[in-house]
Amino acid sequence: MTNSLRALGIDLLSAQFIADPYPFYDRLRSAQPILYDAEWNLWFFSAYEDIAALLRDRRLGRDLDGAAKPDPRTPFGWLHAHSLMEKEPPDHTRLRGLVNKAFTPARVEALRPLIERTAHRLLDEVVQRGEMDLLADFAEPLPVLVIADLLGVPQEVRPRLRPWSNRIVAMYELSPSPEDAHCANRAVTEFAACLRGLAAERKLQPQDDLISALVAAEEQGSRLSEDELIATCILLLNAGHEATVNAIANGMLALFHHPDQYALLRRSPHLLKSAVEEMLRYDSPLQLFRRWVREDMEYKGNGLRKGGQVALLYAAGNRDPARFPDPHRFDITRSDNPHLTFGMGIHYCVGAPLARLEMQVAVQALLERLPNLRLAQEAVEYRPGYVIRGLKALPVLF
Ligand code: HEM
């Protein structure tokens, strides 16, 4: 069977698709869950079982010698080349080991007071107003302030983190423009210069923060090069808020759209953890990730050639009826919920414990402090781009 996204009426870049990709995913999964699309030169996988299997298949990976990667002579290409997320073992194992330590469940739980304080301070500022943009006034600043605190980024630099990150992650969309590349290169140049300065300061005067911990690892010798140190700090600062911002906003929107579930959560706060997992499954802030085919291979009768690329549609897997009964139902009591939103396998999100805690604290604070919290308007608009799924704004009343 040979098909194409176009023949199935699926245009990944259309406004209709971006507004609600889920019916299109169903169409794709039912018609052809494994589809090679010549226009994108990508294999698209939309069934849970296949995505989960391929994420654990070492014949695929984030890196491949000789693959068409961003030019390492450009600032973005430099970042890409030194990012732990783009590496495979043994480099991946070495870098990941250093970062893992900072994000164990116990280390992350110790951050709870900081996250709670930050959430309540943000709500203190709006509580008298009776309205806010839940995205700009709450969901955005909360994860940015937390990750900045964790790394030890000074106050004056913090307002620049989100714009830098937005410009860099635009390069992870399916077809970034030359203008996107230009903006990303400028952002990387400024961001890296800033972090080199901070790392130099921490070398002279270590603090109790993650930049200092990584600097110490670099100084201990061959464990981390200077380029890797800077690239890792940038990755943590970006990944440490980009998806969490949208996960909080997409999750709250799902709650507003399902008044029975919203009322249930208000009545039953013990459902907070499963509600957050359902928010993550139901509307993932990251819709797909790609992998290189590292050797010629056969998968369910399909021949995948070395050097090819696959697109694993995590958000489509999350709505696969073969894995999640009644998958389009937003059910905060769902207990069997092994969603793909944090990935699987060796690149499984290192920040997942932190993201979960931030979401739990955020939702709890919103519900406790704003008892009459509701949407200000029905219509919502999504940011352009498809891989990162996020709202432009989320106006609410309370
Ligand atoms: C709701 C919020 C978040 C979501 C949905 C999310 C999702 C993901 C996903 C899907 C991956 C794997 C990518 C792949 O399969 O190729 C990943 C990797 C990663 N995430 Fe997250 N993430 C979130 C929050 C965070 C936070 C708070 C941090 C901060 C510390 C973080 C740091 C990372 C890093 C460093 C990686 C690369 C791991 C590796 O390649 O080994 N993420 N994230």
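**Ligand shell and open sheet in a predicted model**

Classified by residue type, the shell around the ligand comprises 16 nonpolar, 6 polar and 2 charged residues, where Ala, Val, Leu, Ile, Met, Phe, Trp, Tyr, Cys and Pro count as nonpolar, Asp, Glu, Lys and Arg as charged, and the others, Gly among them, as polar. The model is predicted, and local features need pLDDT of at least 70, side-chain atom pairs count only at pLDDT 80 or more, and totals for chains, interfaces and linings use all residues. Residues are numbered from 1 along each chain as its sequence is written.

Among the 24 residues around the ligand (C-beta atom, placed from the backbone, within 6 Å of it), Ala-239, Ala-243, Gly-343, Cys-349 and Gly-351 come nearest. Two or more residues of this shell are given by each of helix H13 (226-239), helix H14 (242-257) and helix H18 (352-369); helices (H or I, at least four residues) and strands (E, at least two) are DSSP runs, numbered from the N terminus.

An open sheet of mixed pairing is formed by 5 strands in the order S1-S2-S8-S5-S3, two strands being paired if DSSP finds at least two bridges between them. Strand S1 (34-37) and strand S3 (60-61) are the edge strands, each pairing on one side only. S1 and strand S2 (residues 42-45) pair in the antiparallel sense over 4 bridges, with Tyr-36 opposite Trp-43 and Ile-34 partnered by Phe-45. These two strands, S1 and S2, form a hairpin with 4 residues between them, and Asn-41 in the turn has a positive phi of about 50°. S2 and S8, by contrast, pair in the parallel sense over 3 bridges, and Phe-44 stands opposite Ala-311 in S8.
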